[in-house]
There are 2 protein chains.
Amino acid sequence: MAVDRRKQIVEAAGKSFALFGYKATTMEQVAKLANVGKGTIYTFFTNKEELFDVIVDDVIYQLRDLAKTSIDPDQSFMNNLHRFLFSALEFRREHEFVIRLTHEVKEMGTAAAKEGMLKIENAILNFMAVKIQDAIDREDIKPCNPERTAFAMFKMYIAFVFDWELTHEPLSKQEILELFRQYFVNGLAVES
Amino acid sequence: MAVDRRKQIVEAAGKSFALFGYKATTMEQVAKLANVGKGTIYTFFTNKEELFDVIVDDVIYQLRDLAKTSIDPDQSFMNNLHRFLFSALEFRREHEFVIRLTHEVKEMGTAAAKEGMLKIENAILNFMAVKIQDAIDREDIKPCNPERTAFAMFKMYIAFVFDWELTHEPLSKQEILELFRQYFVNGLAVES
DNA sequence: GACTGACCATTTTAATCAACTAGTCATTTC
DNA sequence: GAAATGACTAGTTGATTAAAATGGTCAGTC
């Protein structure tokens, strides 16, 4: 085959979803952008949602890859935690797609966008949970429920990065790192 | 005076806002419920927003009172933290007003409702920050930024109580308490 | 037989107008 | 005559419906 139409479609869809979100992306638009007839899309994907899901999966794959790159097995759990969360954040900031989706979920509550975001979030949480379990096994941190711990860390990170700056001066990376160290690593209990 | 019209109005408004939210509450409704002419409301309150604000302030007052009751100066910080957060939560669950507002903010994004919720949230955060500062002074916990710590605790609590159960079995009070102890009090660092 | 775009059923958007509501103020009540 | 009121107004909101757009199909093209 001269051109990989499926690839063209996926690329076009990725761009369009990132640029306009789920709802505002039309199949005709994607077809035009992919230099492909509209019907061709339906020979590869059963419907709009499935096409969207493929893009979401691709984003998750990229994210996982980015995370794996940012994690160094020789570093401490805490260092890797921050590197991972930070890379996830960079990813989020950079990646039009996730930003648009977040926006669309908040502003319009599009069902497909909600599901997509949930899937991405779960992928992050799963990945974190695995890494936390590793750290426990290595006795790098105390035993704890990896799933809940991942959840707590993720939510707090999101809160400090996105919610805090709604009512305060944004926190720097260093400050966030320090807060994580205080709360999650050392705890607030006074040494006895 | 035979009847305290202002009080009647405030009570009627409280009920109506709790029952129908900000938008769906009409001044005529409040007037009827208060057995008062519509114009009378405007002799006490300049507009709907101000009337709403008075109700919000009243809710904050009640919340603060509830918190003060639930806090025992002889108990440890951790115990009081949990008692306070728990009472705040009970309050939220029980109190129609806060429930309706939360709902209205999420579903319709009413500006006035948003402001009201923000005000309530800030009141809780302020109160917590003061208590955290107290605990630091008493050397009950390590020195830390009270405002950020209150924020972190509040957000995590909300996450565990409201967000966690969207994708998991709800956590019991004991479990949440235990998670707070693990993360905020002891930290995850292995004892060296 | 892979690909296409005109076509169809359904959904979304825009326009219109009727109904409602926040806030005012001339009149009434006590 | 001070306090209270509800008819009234200007502005907003909501229902209605017609027009435009869109997801998905399929007969026909290359």
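## How chains A and B meet

In this predicted model, E175(A) and R148(B) form a salt bridge, with their closest N and O atoms 3.2 Å apart. The rule finds four salt bridges across the interface of chain B and chain A. It also finds 10 residue pairs in polar contact across that interface, counting pairs with both residues at pLDDT 80 or more.

Which elements of chain B give two or more residues to the side that touches chain A? They are α8 (146–167) and α9 (173–186) of chain B. Of the elements, α8(B) gives the most to that side, with 13 residues. The residues on this side of chain B divide into three kinds, shown here.

| Kind of residue on the side of chain B that touches chain A | Number |
|---|---|
| nonpolar | 19 residues |
| polar | seven residues |
| charged | nine residues |

Now for the area. About 3200 Å² is buried between chain B and chain A, and carbon and sulfur atoms give 65% of it. In chain B, the residues that lose the most area to chain A are K142(B), R148(B) and L188(B), together 24% of what that side buries. R148(B) is also the partner of E175(A) in the salt bridge described at the start.

How are the two copies related? A turn of 180 degrees and a shift of 0.1 Å along the axis lay chain B on chain A with an RMSD of 0.2 Å. The copies are thus related as by a two-fold rotation axis. Of the residues of chain B, G187(B) comes closest to this rotation axis, with its C-alpha at 1.9 Å.

The contact takes 35 residues from chain B and 35 residues from chain A. Because 100% of the interface residues of chain B are also interface residues in chain A, the copies meet through the same surface.

How values were computed: Residues are numbered from 1 along each chain as its sequence is written. Chains are lettered from A and ligands numbered from 1 in the order in which they are written. This is a predicted model: local features need pLDDT of at least 70, side-chain atom pairs count only at pLDDT 80 or more; totals for chains, interfaces and linings use all residues. Side-chain values use heavy atoms; hydrogens and water are left out. Copies are superposed by least squares on the C-alpha atoms of residues with pLDDT of at least 70 in both. Contact means heavy atoms within 4.5 Å. Buried area is the accessible area (1.4 Å probe) that two parts lose on being put together, summed over both. A salt bridge is a side-chain nitrogen of Lys or Arg within 4 Å of a carboxyl oxygen of Asp or Glu. A polar contact is a pair of N or O atoms within 3.5 Å; within protein, one must be able to donate a hydrogen and the other to accept it, and residues adjacent in sequence count only if both atoms are side-chain atoms. Helices (H or I, at least four residues) and strands (E, at least two) are DSSP runs, numbered from the N terminus. Ala, Val, Leu, Ile, Met, Phe, Trp, Tyr, Cys and Pro count as nonpolar, Asp, Glu, Lys and Arg as charged, and the others, Gly among them, as polar.
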